[in-house]
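I opened my notebook to look up how the metals are held in this model. Here is what I went through, entry by entry.

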Amino acid sequence: MDLIDLHVHTTASDGTMSPEQVVKLAKQIGLKAIAITDHDTTKGLKEAALAGDKYNIEVIPGCELSVEYPKGQMHIVGLFLPIKPKHLNSELEYLRNKRHSRNKDIIKKLNQAGVNISYEDVLDIVEPGASVGRPHIARVLVKKGVVKDIKEAFSRYIGPDGIAYVPKTKFTPQKAISILKKEGAIVILAHPFSLNLDFDELRQEIKNLKLMGLDGMEVYYSEHNPYQIQGYLKLCNEMDLLVSGGSDFHGTVKKDISLGTGKGNLKIPYILLDTMKKYRQNRGL
Ligand code: AMP
Ligand code: FE
Ligand code: FE
Ligand code: ZN
């Protein structure tokens, strides 16, 4: 069976492998296609597309946005973006600028807690122009020996229960979906487990999101158990949603998640991508 991975991060945001390295790895492990879905940026898409040509593997351009959702974490993935989506890029630039001020606030709180770290230390490990996130700060905290690993950085300092937590500026689901749609993307609800809803509540939420333009849901995901996968598949059938799947690979910043296979058992069939392409054709995209 031909396999794919439609949720992958690179050094354009908080992953630790460059777009070219990720594409090369995907080819090496035998995947037929991957989507690059960095947080709040399309910066890695050109390099990834070139690497796709070089290594002869299909690369789908995408991105991932966190959106306002009080009950849990809602993330939206856009797939089949143009390599340089002009309108979207200016919206994303706004989000990345907000990230900078948030990161500085996090550093301030860390300093107040007696942790010796500067924003320059963080920017030192970031690709120029990349989308800077908490995983970068976590890596510096590990490097400086403040914490033993990334997990401790989040639990003690920068996660929601940490002493240096600062919330992120997010668009509403409506806004995120509409700016992605404007670029001709198909819009996927990422890792639905993180909404913290039961299946009936999720059905209601999806009804809302469909009215805004949602096209599909990430059913296959590193953190989804077989019971969840079955339930999400059923919902997709029932509600006429595209089925997507991805590992959320981040490289060494999430050591337990491998490209393509997630925590070991993930298998995402190529046919999902074929179905997406037909869906786009039918809509003249
Ligand atoms: P940010 O977008 O800056 O708020 O950072 C969110 C990112 O941090 C997520 O996309 C994950 O990559 C990562 N993350 C969140 N919580 C953890 C955690 N407990 N351990 C490792 N990485 C995490
Ligand atoms: Fe991330
Ligand atoms: Fe996510
Ligand atoms: Zn992700």
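My entries below go through one metal site, then the other.

**Entry 1, the zinc donors.** I noted first that this is a predicted model. Which residues coordinate the zinc ion (ligand 4)? I found His7 (NE2), His9 (NE2), Glu64 (OE) and Asp248 (OD), at 2.1 to 2.2 Å. Along the sequence I read their spacing as H-x1-H-x54-E-x183-D.

**Entry 2, the zinc geometry.** I looked up the angles among the four donor atoms of the zinc ion (ligand 4), and they run from 82 to 172 degrees. The site is irregular, because four donors count as tetrahedral only if all angles lie between 85 and 135 degrees.

**Entry 3, histidines at zinc.** Buried or exposed, I asked of His7? His7 is buried, with 0% relative accessible area. For His9 I also wrote down buried, at 0%.

**Entry 4, the iron site.** Next I turned to the iron ion (ligand 2), where I found Asp14 (OD), His39 (NE2) and His250 (NE2) coordinating at 2.1 to 2.2 Å. The spacing of these donor residues in sequence is D-x24-H-x210-H. His39 sits in strand β2 (residues 33-39) and His250 in the loop between β7 (242-246) and α10 (271-282), so this pair ties together parts 211 residues apart in sequence.

**Entry 5, histidines at iron.** I checked accessibility here too: His39 counts as buried at 11%, and His250 is buried at 3%.

**Entry 6, metal to metal.** What separation lies between the zinc ion (ligand 4) and the iron ion (ligand 2)? I noted 4.9 Å.

Definitions and conventions:
Residues are numbered from 1 along each chain as its sequence is written. Chains are lettered from A and ligands numbered from 1 in the order in which they are written. This is a predicted model: local features need pLDDT of at least 70, side-chain atom pairs count only at pLDDT 80 or more; totals for chains, interfaces and linings use all residues. Side-chain values use heavy atoms; hydrogens and water are left out. Donors are N, O and S atoms within 2.8 Å of the metal (3.2 Å for Na, K and Ca); water is not among the atoms, so sites may look incomplete. Four donors count as tetrahedral if all angles lie between 85 and 135 degrees; four count as square planar and six as octahedral if opposite donors are over 155 degrees apart and all others between 65 and 115; anything else is irregular. Buried means under 20% relative accessible area, exposed over 50%, partly exposed in between (1.4 Å probe, protein chains only). Helices (H or I, at least four residues) and strands (E, at least two) are DSSP runs, numbered from the N terminus.
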